[in-house]
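Hello,

Here is the structure I promised to hand over. Please have it open while you read my notes below.

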Amino acid sequence: MKIATVLRKDDYTREVCRQLREKLLQPDCPFRFVESPEEKPDMVLSIGGDGTLLEAVHQYGFEPAYVGIHTGHLGFYADWHPDELDEFVQVLTQRTEPVIVEYPTVQCRIHTKQGITYDKWALNELVIRNALLSTLVACVYINGDEFETFRGDGLIVSSPSGSTAYNKAVNGALVHPSIEAIQLSEIASINNQAYRTVNSSLVLPNHHEVELIVMNPEIMIGLDREQGVWKDVRSITCRVGGEKVKFARYKKLTFWSRVRKSFITG
């Protein structure tokens, strides 16, 4: 089995990775550590927090299965802690077959006024804001039909697993990853006698598409950990992605158990 690692950049995480490699690389071991996506690893170990996991999936893509070892802050995607390395090594060396869980993604197409299209995707969410931190204005279309004109701080299009991230902070719904859907949520919408929005999160199934026609000359676009200022964006279309991110689960830890542990019990 070829294994790649993506690390949070701190001494503690590097030490955890060193210990793990030392435990796995024993005589006659069936594992080989690789250092780049070109070597096509079978498994990617994300050692850090949720940000490290997002970095890992964008670096290695949809082919390998991912396992999270938590040395960061929240660790929603992680199954393992550093004090469980021996147990993790044991299930690997015994060649225990994991349960492969697939999480839907958000597929995004950014269309510029010059006619250029950029294909992007996110495991957690797409976020758009006005680059000048003033009001974002965007016309929202669902399946080609006008729905509303949004005015406010920003908009979030999240995946089911991303529903527990920024989407949750704006009171969006939590969606189980077995449901192939995206969710559109508003950030501080303006609602008064002149301007109205639905002011609720919308959960859209996998055969629906949301189009955001942007009125601002410059906007900030965030895609998971990637963010930047974009000029002359005409519109952004989002739907459920055609590919999913695979996670190798060696423990029985359900999605709702993760939610409870992350936000209720700690």
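**Backbone and loops**

Leu133 sits in the loop between strand E8 (125-130) and strand E9 (136-142). Helices (H or I, at least four residues) and strands (E, at least two) are DSSP runs, numbered from the N terminus. The model is predicted: local features need pLDDT of at least 70, side-chain atom pairs count only at pLDDT 80 or more, and totals for chains, interfaces and linings use all residues. Residues are numbered from 1 along each chain as its sequence is written, and side-chain values use heavy atoms, with hydrogens and water left out.

Back to Leu133. Its phi is positive, about 65°, although Leu133 is not a glycine. Most residues other than glycine have a negative phi. Leu133 is exposed, with a relative accessible area of 71%. Here, buried means under 20% relative accessible area, exposed over 50%, and partly exposed in between (1.4 Å probe, protein chains only).

Asn199 is not a glycine either, and has a positive phi of about 55°. Look for Asn199 in the loop between strand E11 (181-189) and strand E12 (202-205). Two helices are also followed by a positive phi. Gly61 comes after helix H2, with phi near 80°. Arg95 comes just after H3, with phi of about 55°.

**Strand E17**

Strand E17 covers residues 245-249, and four of its five residues are buried. Which strands does E17 pair with? Strand E4 (residues 65-70) pairs with E17 in the parallel sense, over two bridges. Strand E5 (residues 99-103) runs antiparallel to E17, and five bridges join them. Strands count as paired if DSSP finds at least two bridges between them. Two positions make this easy to find on screen. Tyr66 stands opposite Phe247 of E17. Ile100 has Ala248 of E17 as its bridge partner.

**Helices H2 and H3**

H2 spans residues 50-60. Its buried residues include Asp50, Leu53, Leu54, Val57 and Tyr60. Among the elements that cover them are strand E1 (2-7), strand E3 (43-48), E4, strand E7 (117-122) and E17. Contact here means heavy atoms within 4.5 Å.

In H3, the buried residues are Leu85, Phe88, Val89, Val91 and Leu92. Seen down the axis of H3, they fall within an arc of 165°, so they line one face of the helix. The arc is that of the directions from the helix axis to the C-beta atoms. An α-helix has 3.6 residues a turn, so residues three or four places apart point the same way. The buried residues of H3 pack against helix H1 (11-24), E3 and E4.

**Aromatic rings**

How many aromatic pairs are there? The count comes to 11. Rings of Phe, Tyr and Trp (its six-membered ring) pair if their centres lie within 6.5 Å; planes under 30 degrees apart count as stacked, over 60 as edge-to-face and the rest as tilted. Trp80 and Phe88 make a tilted pair, 5.1 Å centre to centre with 45° between the planes. Both Trp80 and Phe88 are buried. Phe88 also pairs with Tyr250: the centres are 6.2 Å apart and the planes at 75°, so this pair is edge-to-face. That pair links distant parts of the chain, 162 residues apart. Phe88 is in helix H3 (residues 85-93), while Tyr250 is in the loop between E17 and helix H5 (255-265). Phe88 has 1% relative accessibility. Tyr250 is buried too, at 15%.

One aromatic cluster is formed by Tyr66, Phe76, Tyr77, Tyr103, Phe247, Phe255 and Trp256.

Charges also lie over rings. Arg21 lies over the face of Phe33, 4.3 Å from the ring centre. Lys168 does so over Phe263, at 4.6 Å. The rule: NZ of Lys or CZ of Arg is within 6 Å of the ring centre and within 35 degrees of the ring normal.

**Cysteines**

The structure holds zero disulfides. A disulfide here is a pair of cysteine sulfur atoms within 2.5 Å. Why is Cys139 not bonded? The closest cysteine sulfur, in Cys238, is 15 Å from that of Cys139, too far for a bond. Cys139 is buried, with a relative accessible area of 12%. Cys238 is in no disulfide; the nearest cysteine sulfur, that of Cys108, is 3.8 Å away. Cys238 counts as buried, at 0% relative accessibility.

Best wishes
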